[in-house]
Amino acid sequence: ETPIERKPEWIKTRAKMGPEYTALQSLVKSEGLHTVCQSAGCPNIFECWEDKEATFLIGGDQCTRRCDFCQIDTGKPQPLDRDEPRRVAESVQKMGLKYATITGVARDDLPDGGAWLYAETVRAIHEMNPGTGVENLIPDFNGKPDLLTEVFESRPEVLAHNVETVPRIFKRIRPAFRYDRSLDVITQARDFGLVTKSNLILGMGETREEVSQALRDLHEAGCELITITQYLRPSPRHHPVERWVKPEEFVELKDEADEIGFAGALSGPLVRSSYRAGRLYQQAMDA
Ligand code: SF4
Ligand code: SF4
């Protein structure tokens, strides 16, 4: 283990188990439910679950794309599971969630890129859980307006699409995506009338000035909510950690995002794009 691989002190978390977390944890276990919060070993689970917020992965566990920071396997996906939206909606109901983030793999193997699946999952959750907010964190559907519109029409409370990194290193980090196309996905969602959100992962080789520029690009593209996070290397096969961003720099970036004009920003070493997502959405609505 090289020194850069060693996590700094501020990356470590302490478990603070509240009553809602404990209740959800035993329910999820007894009902055999699957959340990203648990499968990814997310350090924020005590906080998010205490607020009755969780994240689900749809489309299977094999992605047709390969991003250099992502722990999801690349391979041939299973056939489309048309019952998945109902099961996810039922999990949301059983867990009594206030806010659910839905994310998934890219399904370039399907003629619609998985647009129906993403849209139907939002519809199913809303139908079964009238008071629950849904954040749909989508792949880019190659920027195709007809597929994106199909997804937008399901009217998630927040439509998220993550650029994750800056233009100079984008191709290396996300070979199957394009920076400008991702910005355009956000613009299309904004023009449709949805609340939009994106994420930047720091520590993959970007410079400070490039982060500022990306924030300005995103805001200009119509992005309203932003999360800024630290990269953690899932395995030695993945992109190395180039730097550990200090907590103070995350605070500066949050201030910068506010100044640029984002309606809500969360920035920190342990922030994830779905971290306290319902709160961030609510904060933006109240503003
Ligand atoms: Fe991971 Fe999404 Fe990239 Fe697939 S498209 S490798 S799920 S980040
Ligand atoms: Fe779950 Fe996202 Fe919160 Fe982690 S940050 S616990 S994945 S909702």
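## A walk through the sheet, the core and two ligand sites

Let us begin with the sheet: seven strands make an open sheet with parallel pairing, in the order S1-S4-S5-S6-S7-S8-S9. At its edges are strand S1 (53-58) and strand S9 (264-267), each of which pairs on one side only. From one strand to the next, the twist averages 20°. As you look around, please keep in mind that this is a predicted model.

Start at the S1 edge. S1 pairs in the parallel sense with strand S4 (residues 99-104), over six bridges. To find this pairing on screen, look for phenylalanine 56, whose bridge partner in S4 is isoleucine 102. Helix H4 (residues 84-95) packs on the sheet here, touching both S1 and S4. The direction of H4 makes about 165° with that of S1.

Now step across to the next strand. S4 also pairs with S5 in the parallel sense, this time over five bridges. Isoleucine 102 is again a handy landmark, since its bridge partner in S5 is asparagine 136. How many residues of strand S5 (residues 133-137) are buried? Five of its five residues are, and the strand is described as mostly covered. Both of its faces are covered: Gly133, Glu135 and Leu137 are buried on one side, while Val134 and Asn136 are buried on the other.

From the sheet we can move to the nonpolar core. The largest such core has 72 residues, and Ala100 and Ile226 are those with the most contacts inside it. Helix H5 (residues 115-128) supplies the largest share of this core, with seven residues. What does alanine 100 touch, leaving aside residues up to four places away in sequence? Its contacts are Ala54, Phe56, Val92, Ile125, Thr132 and Val134.

Two ligand sites come next. Around ligand 1 you will find Cys63, Arg65, Arg66, Cys67, Cys70, Ile72, Val105, Ala106 and Pro139. By class, this shell has seven nonpolar residues, two charged ones and no polar ones.

Ligand 2 has 14 residues around it, of which Cys37, Cys42, Cys48, Arg272 and Ser274 come nearest. Helix H2 (36-39), helix H3 (45-50) and S1 are the elements that give two or more residues to this shell. S1, the edge strand where we started, gives the most, with three residues. The shell around ligand 2 divides into eight nonpolar, four polar and two charged residues.

Finally, let us visit some loops. Proline 240 sits in the loop between strand S8 (225-230) and helix H10 (247-260). Proline 240 counts as partly exposed because 14 other C-beta atoms lie within 10 Å. Its C-alpha atom is separated by 13 Å from that of glutamine 71, although the two residues are 169 residues apart along the chain.

Arginine 155 and glutamate 164 lie in loops on either side of S6: arginine 155 is between helix H6 (145-152) and strand S6 (158-160), and glutamate 164 is between S6 and helix H7 (167-173). Each has a positive phi in a residue other than glycine, near 50° for arginine 155 and near 70° for glutamate 164. Are these two residues buried or partly exposed? Arginine 155 has 16 C-beta neighbours inside 10 Å, so it counts as partly exposed. Glutamate 164 has 25 C-beta neighbours inside 10 Å and therefore counts as buried, since 20 or more are needed for that.

Methods. Residues are numbered from 1 along each chain as its sequence is written. Chains are lettered from A and ligands numbered from 1 in the order in which they are written. This is a predicted model: local features need pLDDT of at least 70, side-chain atom pairs count only at pLDDT 80 or more; totals for chains, interfaces and linings use all residues. A nonpolar core is a set of buried Ala, Val, Leu, Ile, Met, Phe, Trp, Tyr and Cys residues joined through C-beta atoms within 7 Å. A residue is buried if 20 or more other C-beta atoms lie within 10 Å of its own, exposed if 12 or fewer, and partly exposed in between; C-beta atoms are placed from the backbone. Helices (H or I, at least four residues) and strands (E, at least two) are DSSP runs, numbered from the N terminus. Two residues are in contact if their C-beta atoms, placed from the backbone, lie within 7 Å. A residue is near a molecule or strand if its C-beta atom, placed from the backbone, lies within 6 Å of it. Ala, Val, Leu, Ile, Met, Phe, Trp, Tyr, Cys and Pro count as nonpolar, Asp, Glu, Lys and Arg as charged, and the others, Gly among them, as polar. Two strands pair if DSSP finds at least two bridges between them. Axes are lines fitted to C-alpha atoms, for helices over the stretch in contact, and angles run from 0 to 180 degrees between N-to-C directions.
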